[in-house]
Amino acid sequence: MNDIAQNLKHIHERVRLVQKHYNMASQPVTLVAVSKNQPADVILRAIEAGQRVFGENKVQEALKKWPRLKEQYPDIVLHLIGPLQTNKVKQAVQLFDVIETVDREKIVQALASTEVHMCKKREYYVQVNIGNEEQKAGIAIDKVDTLMSFSKEMGLNIKGMMCIPPAHEVAAPYFALLAKIAKHHCLSHVSMGMSADFESAIALGATHIRVGTAIFGERIK
Ligand SMILES: *Cc1c(COP(=O)(O)O)cnc(C)c1O
């Protein structure tokens with residue numbers, strides 16, 4: 001077993017332990033393996049270990065690695081977890097199965113019209129600026145309702161919500177808040193928790209955890 005396979009196994013064990021501890025075995029948790037900055041041969045080791053759901057944060061970088069890998073492994077599910085510019089929307093809808101970073105009306109509009117042009121339907125999450133941070137991506141909490149209504153009007157399939165809590169703060173209250181907002185909108189998918197805090201995220205209702213370092217090791221920048 002290679003090191004990545006071992007790391008994956010260890011994470012699945014940790015997920016199971018949290019589920020058991022909090023009596024939430026019936027709530028499925030999907031591990032999104034964050035493969036940003038990892039070359040294709042490293043990603044292949046994770047695929048060979050059975051991992052099928054991956055996350056990338058840059059459209060440009062993903063385009064270099066994933067079209068070939070997805071052709072080889074058609075059951076791979078690719079999530080975009082980084083900011084999306086309107087000029088990359090076509091490429092993003094082409095490549096990604098799930099776009100987790102919908103955070104403004106302009107991008108909703110662009111995604112909806114691209115889906116029509118390309119005859120493709122994708123899944124989307126609304127990214128919420130859960131800590132109300134000035135420079136952070138994501139829609140402000142008090143604007144979530146409006147964005148949700150607009151997305152519905154435009155026919156976009158919003159399945160969940162995603163957040164990146166403020167760094168250097170206890171994440172749990174932010175996780176709880178995102179889960180609450182998602183529930184209020186009857187959304188079944190909640191993407192939160194990374195290498196350092198995915199256990200807490202699961203305990204508070206995460207259905208998708210985004211884990212990079214704990215699988216692949218430190219990223220080479
Ligand atoms: C890089 C990244 C992750 C993974 O972070 P790790 O700490 O390496 O697990 C999760 N979510 C987003 C949005 C990221 O950019």
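**From an exposed loop to the ligand**

Asparagine 23 counts as exposed, with a relative accessibility of 74%. The cut-off for that word is over 50%, so the label follows. The structure shown here is a predicted model.

Where does asparagine 23 sit? It is found in the loop between α1 and β1. Helix α1 covers residues 3-21. The backbone of asparagine 23 also deserves a look. Its phi is near 60°. That is a positive value, and asparagine 23 is a residue other than glycine.

Cysteine 119 can be read in the same order. Its phi is near 50°, again positive in a residue that is not glycine. Cysteine 119 lies in the loop between α5 and β5. Helix α5 spans 105-118, and strand β5 spans 123-128. Is cysteine 119 buried or exposed? It is exposed, because its relative accessible area of 71% is over 50%.

Now go back to β1. This strand is made of residues 30-34, and threonine 30 is in it. Threonine 30 has a relative accessible area of 26%. Buried would require under 20% and exposed over 50%, so threonine 30 is partly exposed. Follow threonine 30 to alanine 206. The two are 176 residues apart in sequence. In space, their C-alpha atoms are 8.9 Å apart.

Next comes the loop between α2 and β2, which holds arginine 52. Helix α2 runs over 40-48, and strand β2 over 53-56. Arginine 52 is partly exposed, at 24% relative accessible area. Which distance separates arginine 52 from tyrosine 73 in space? It is 8.5 Å, C-alpha to C-alpha. Along the sequence they are 21 residues apart.

Helix α3 covers residues 59-72 and includes arginine 68. Glutamine 60 is found in α3 too. The two residues carry separate labels. Glutamine 60 has 40% relative accessibility and counts as partly exposed. Arginine 68 reaches 68%, so it counts as exposed. Each also has a partner elsewhere in the chain. For glutamine 60 the partner is lysine 88, 28 residues away along the chain. Their C-alpha atoms are separated by 8.5 Å. For arginine 68 the partner is alanine 40. These two are 28 residues apart in sequence, and 9.4 Å apart from C-alpha to C-alpha.

The tour ends at the ligand. Where does it sit? The ligand is in the largest pocket. Around it are Val34, Lys36, Ile81, Ile164, Met194, Ser195, Arg210, Val211, Gly212, Thr213 and Arg219. Of this shell, five residues are nonpolar, three are polar and three are charged. Val34 is one of the residues around the ligand, and β1, the strand of threonine 30, includes residue 34.

Some shell residues come within a few ångströms of ligand oxygen atoms. In lysine 36, a side-chain N or O atom is 2.7 Å from an oxygen atom of the ligand. In serine 195, a side-chain N or O atom is 2.5 Å from a ligand oxygen atom. Glycine 212 takes part through its backbone: one of its backbone N or O atoms lies 2.8 Å from an oxygen atom of the ligand. How much of the ligand's area does the protein bury? Taken alone, the ligand exposes 390 Å², and the protein buries 87% of that.

Definitions and conventions. Residues numbered from 1 in each chain as written. Predicted model: local features only at pLDDT ≥ 70, side-chain atom pairs only at ≥ 80, totals over all residues. Heavy atoms only, no water. Near = heavy atom within 4 Å. Polar contact = N/O pair within 3.5 Å; in protein donor to acceptor, adjacent residues only side chain to side chain. Areas by Shrake-Rupley, 256 points an atom, 1.4 Å probe, with all protein chains shown as cover. 1 Å grid on protein atoms, 1.4 Å probe; cavity = no way out; pocket = protein on both sides within 12 Å on 5 of 7 lines; lining within 4 Å. Sits in = over half its atoms within 2 Å of the grid points. Nonpolar A, V, L, I, M, F, W, Y, C, P; charged D, E, K, R; others polar. Helix = DSSP H or I, 4+ residues; strand = E, 2+ residues; numbered from the N terminus. Buried < 20%, exposed > 50% of the residue type's maximum accessible area, 1.4 Å probe, protein only.
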